[in-house]
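Got your viewer open? Load the model below and follow along, one selection at a time.

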Amino acid sequence: MKLNMAKLIFFFLFLLLSFFTTLSIDNSCPMDLSYVQTYPWDKSLCLQEPNGTNCCQALLSLIGMGLAQHLRDTSNFDLANLNVSFSCLTKFQDKLSALSIDPAVVPFCFKNYTQFVTNTSSCAGIQTKKDWIEKAGQVTPLDTACKNMTGLTQCTACLDAGYTVTSQLVGLAPNSTKCFYFAILYAAGILNDPKDPNAAACILGLSLAASNPSMSRESIIKLAFALSGAVTGVLLAFVIIIVYRKWDKKRKRNALHDEFVSSFKASVLPNCGAKWPTIAEALKMLEGDIDIPRLPERPLPLSHESFRSSLWQSTSRNSSRMSTV
């Protein structure tokens with residue numbers, strides 16, 4: 001009787017200890033899911049068709065952002081247990097409800113809450129970042145192809161690297177089911193900032209919303225400076241073009257003038273000495289190369305040397321005649 005009573009007391013003590021042990025375990029969600037309401041993901045996918053494939057894919061990528069940040073902070077790929085997973089999905093559901101998205105979409109898209117619970121059979125026994133390095137290697141194709149995402153070209157290379165690493169890990173444990181998802185979380189959470197738009201769009205496959213048409217004051221100021229700079233540049237270029245055209249026109253006019261003066265000097269002041277042009281030459285210089293009728297030579301002035309010689313000879317003859325008479 002005493003033995004049975006002792007066993008009963010021990011049993012109750014064991015139950016009490018188990019109860020308090022369970023209470024002492026923190027089953028709250030370790031992820032900060034506030035980004036669900038603030039991050040610019042395309043909410044229309046779940047507002048227009050909440051039970052569609054596109055919505056479920058968007059939600060998987062969206063919660064993947066939180067899991068990637070969780071890996072970055074704790075080095076754990078998955079959540080600790082089913083209670084924690086349930087807590088996170090409930091919290092996730094509340095955030096979606098605040099966006100006017102039907103909360104029933106969460107149990108519809110995530111039918112098995114254990115899919116986010118840590119399990120050694122998920123991918124070659126990998127549960128932590130340390131496990132990943134041991135199985136995949138210190139440096140993997142992901143480290144070279146996916147680090148610091150920049151654009152579409154790198155995105156394609158990163159995707160190929162993800163398939164390569166997944167094949168490597170599945171080769172270690174053929175029954176693995178989450179190796180590719182782990183590769184995504186590692187690339188997004190360890191090699192990048194999960195909230196970076198390039199990483200979110202490429203690695204996590206999250207559809208982003210179109211840019212907001214409303215602009216901040218800072219954006220407006222930047223745009224105003226950019227436009228004013230562009231207008232100033234155009235006006236300056238226009239002024240330069242006008243000045244150059246005027247200068248070029250003046251240069252050509254001066255060149256024609258210099259050519260005319262040079263040709264005139266060449267005909268008026270040749271190397272042999274000064275010479276006045278004839279009437280025909282002057283007309284040609286002024287009118288161009290035209291047919292000019294032959295003109296008689298202009299009469300010699302009385303002061304010309306030939307007139308003086310004739311006058312002297314005539315005077316001499318007259319003197320001789322008078323002396324003879």
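What follows is a short tour, from the whole chain down to single residues.

This is a predicted model, in which local features need pLDDT of at least 70, side-chain atom pairs count only at pLDDT 80 or more, and totals for chains, interfaces and linings use all residues. Residues are numbered from 1 along each chain as its sequence is written, and side-chain values use heavy atoms, with hydrogens and water left out.

**Whole chain.** Start in cartoon view: there are 14 helices and zero strands (DSSP runs, H or I of at least four residues for helices, E of at least two for strands, numbered from the N terminus). Of the 325 residues, 27% count as buried, meaning under 20% relative accessible area, with exposed over 50% and partly exposed in between (1.4 Å probe, protein chains only). Switch on the surface and you're looking at about 22200 Å², 62% of it belonging to carbon and sulfur atoms (Shrake-Rupley method, 1.4 Å probe; for residues, only the protein chains shown count as cover).

**Helix H5.** Now select residues 82-97, which make up H5. Its 16 residues reach 22 Å from first C-alpha to last, close to the 22 Å expected at 1.5 Å a residue (1.5 Å times one less than the number of residues). Show side chains for Val84, Ser85, Cys88, Leu89, Phe92 and Leu96, the buried ones in H5. They sit on the same side of H5, because they cover an arc of only 130° around the axis (taken from the directions from the helix axis to the C-beta atoms). Add helices H2 (35-38), H4 (53-74) and H6 (105-109) to see what these buried residues pack against.

**Ends of the face.** Zoom in on Ser85, buried at 1% relative accessibility. Beyond its neighbours within four places in sequence, Ser85 is in contact (heavy atoms within 4.5 Å) with Leu79, Tyr113, Phe116 and Val117. Next pick Leu96, which touches Val36, Trp41, Leu59, Leu62, Ile101, Val105 and Val106, not counting residues up to four places away.

**The core.** Select Leu59, Phe92, Leu96 and Trp132: of the 60 residues in the largest nonpolar core, these touch the most other members. Such a core is a set of buried Ala, Val, Leu, Ile, Met, Phe, Trp, Tyr and Cys residues joined through side-chain atoms within 4.5 Å.

**Last stop.** Is Leu47, in helix H3 (residues 44-48), buried or partly exposed? Leu47 is partly exposed, at 45% relative accessible area. Leaving aside neighbours within four places, Leu47 contacts Leu99, Ser100 and Ile101. Put a distance label on the C-alpha atoms of Leu47 and Ser100: 7.6 Å, for residues 53 apart along the chain.
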